[in-house]
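Here's a quick walk through the model you have open. Keep the structure in view and click along as the residues come up.

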Amino acid sequence: MKALILVGGFGTRLRPLTLSIPKPLVEFANKPMILHQIEALKAVGVTEVVLAINYQPEPFLYPFKEMIEFHKAHGGEASIVVTKVDEPSKCGVVVMEETTGKVDKFVEKPKLFVGNKINAGIYLLNPSVLDRIELRPTSIEKAIFPKIAAEKKLYAIVLPGFWMDIATGHHIVGNVLVHESAKIGEGCLIGPDVVVGPGCVVEAGVRLSRCTVMRGVRIKKHACISISIIGWHSTVSQWARVENMTILGEDVHVWDEIYSSGGVILPHKEIKSSILKPEIVM
């Protein structure tokens with residue numbers, strides 16, 4: 001079997017992280033997202049992987065086994081993975097038969113409830129699907145899948161929940177993944193749902209919850225981070241508080257006692273004053 005991974009997007013929804021590297025190379029659970037895909041494909045017998053690239057070409061833990069079995073069983077032309085969301089009105093919804101998985105249609109940001117499943121971006125295609133794609137820039141989601149669905153040959157499988165390794169210790173709460181090279185100080189409380197990347201230094205008294213701390217980050221004493229992403233080689237200084245979906249790009253430095261609520265900070269910036277409401281710092 002061969003696999004085609006579409007990695008040509010600009011990763012706009014992951015900015016400012018994708019201003020530094022392409023989205024497929026952004027770490028998920030301390031491993032580039034694309035490596036999770038390739039390892040899972042290898043495990044089910046794929047011997048050749050082709051990357052369809054566009055943006056920065058130089059550079060989920062996926063149920064492929066179950067997906068292959070599903071695809072063979074329904075006999076259609078294409079299978080897509082969908083995932084459930086709480087707010088389907090903000091997304092493009094996949095309307096499908098619950099029992100068979102047959103896709104009826106796609107509805108973009110519906111005002112009335114039509115379902116709660118959205119495209120998760122993983123596809124299993126018969127080679128015939130490639131014959132449908134013209135030799136020009138084409139969105140397979142917008143131009144090809146609706147046609148296959150209209151012919152009753154498109155099916156969807158629901159993405160199950162993912163797992164992650166659990167770190168343990170008196171300072172760990174719930175699901176936590178800490179790289180072996182990271183250093184954790186005394187009196188910290190970490191978790192739930194935290195990933196700490198390689199080479200990170202977390203000093204004494206730090207509180208981390210529902211956040212990702214990427215490679216080479218330093219979190220200084222008594223800082224508190226929740227529901228946020230701290231980009232590569234950034235620093236969060238003493239007694240700083242970072243929360244409410246704050247995203248720090250690469251090499252961002254937050255000064256002592258700064259508060260950030262929902263700040264989106266572009267790479268190589270210093271934050272010297274507090275961010276009291278969601279805003280972009282360029």
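Of the 282 residues in the protein chain, 41% count as buried; here buried means under 20% relative accessible area, exposed means over 50%, and partly exposed is what falls in between (1.4 Å probe, protein chains only). Before going further, note that this is a predicted model, in which local features need pLDDT of at least 70, side-chain atom pairs count only at pLDDT 80 or more, and totals for chains, interfaces and linings use all residues. Residues are numbered from 1 along each chain as its sequence is written, and side-chain values use heavy atoms, with hydrogens and water left out.

**The overall picture**

The protein chain contains four helices and 25 strands, taken as DSSP runs numbered from the N terminus (H or I and at least four residues for helices, E and at least two for strands). Its C-alpha trace spans about 60 × 40 × 40 Å along the principal axes. What radius of gyration does the protein chain have? It comes to 21 Å, which agrees with the value near 19 Å for a compact globule of 282 residues. That radius is taken over C-alpha atoms, and the globule rule is 2.2 Å times the number of residues to the power 0.38.

On the outside, the protein chain exposes about 15,600 Å², and carbon and sulfur atoms supply 56% of that. Accessible areas come from the Shrake-Rupley method with a 1.4 Å probe, and for residues only the protein chains shown count as cover. As for charge, there are 32 positive and 29 negative side chains, with the centres of the two sets 3 Å apart. Lys and Arg count as positive and Asp and Glu as negative, while His and the chain ends are not counted. Each charge is placed at NZ of Lys, CZ of Arg, CG of Asp or CD of Glu.

**A nonpolar patch**

Now look for L4, L6, V50 and L130, which form a nonpolar patch on the surface with about 340 Å² of accessible area together. Patches are made of residues with over 30% relative accessible area and no salt bridge; nonpolar side chains (Val, Leu, Ile, Met, Phe, Trp, Tyr) are joined within 5 Å, and like charges within 9 Å. L6 sits in strand β1 (residues 2-7) and is partly exposed, at 46% relative accessibility.

**Salt bridges**

Side chains of opposite charge can pair when their charged atoms come close. The rule used here asks for a side-chain nitrogen of Lys or Arg within 4 Å of a carboxyl oxygen of Asp or Glu, and the count comes to 11 salt bridges. Three of the pairs are listed here.

| Pair | Closest N to O |
|---|---|
| E27 and R215 | 2.5 Å |
| E77 and R132 | 2.8 Å |
| E134 and R136 | 2.7 Å |

In the E27 and R215 pair, E27 is buried because its relative accessible area is 19%, whereas R215 has 35% and is partly exposed.

The E77 and R132 salt bridge links distant parts of the chain: E77 is in the loop between α2 (64-74) and β5 (78-84), and R132 is 55 residues away in the loop between α3 (128-131) and α4 (140-150). Is E77 buried or exposed? With 8% relative accessibility, E77 is buried, while R132 is partly exposed at 26%. This pair also belongs to a network of salt bridges that links E77, R132, E151 and K153.

In the E134 and R136 pair, E134 is partly exposed, with a relative accessible area of 47%.

**Backbone spots to check**

Which two residues does a cis peptide bond join? They are G191 and P192, with omega at about 0°. P192 is in the loop between β12 (189-190) and β13 (194-196).

Two non-glycine residues are also worth a click. N30 has a positive phi of about 65° and is found in the loop between β2 (27-28) and β3 (31-32); its relative accessible area is 22%, so N30 counts as partly exposed. I227 has a positive phi of about 50°, lies in strand β17 (residues 224-230) and is partly exposed at 41% relative accessibility.

**Loop positions**

P110 is in the loop between β7 (103-108) and β8 (117-125), and this proline is buried, with 9% relative accessible area. R13, in the loop between β1 and β2, is exposed at 81%. The C-alpha atoms of R13 and E48 are separated by 29 Å, with the two residues 35 apart along the chain.
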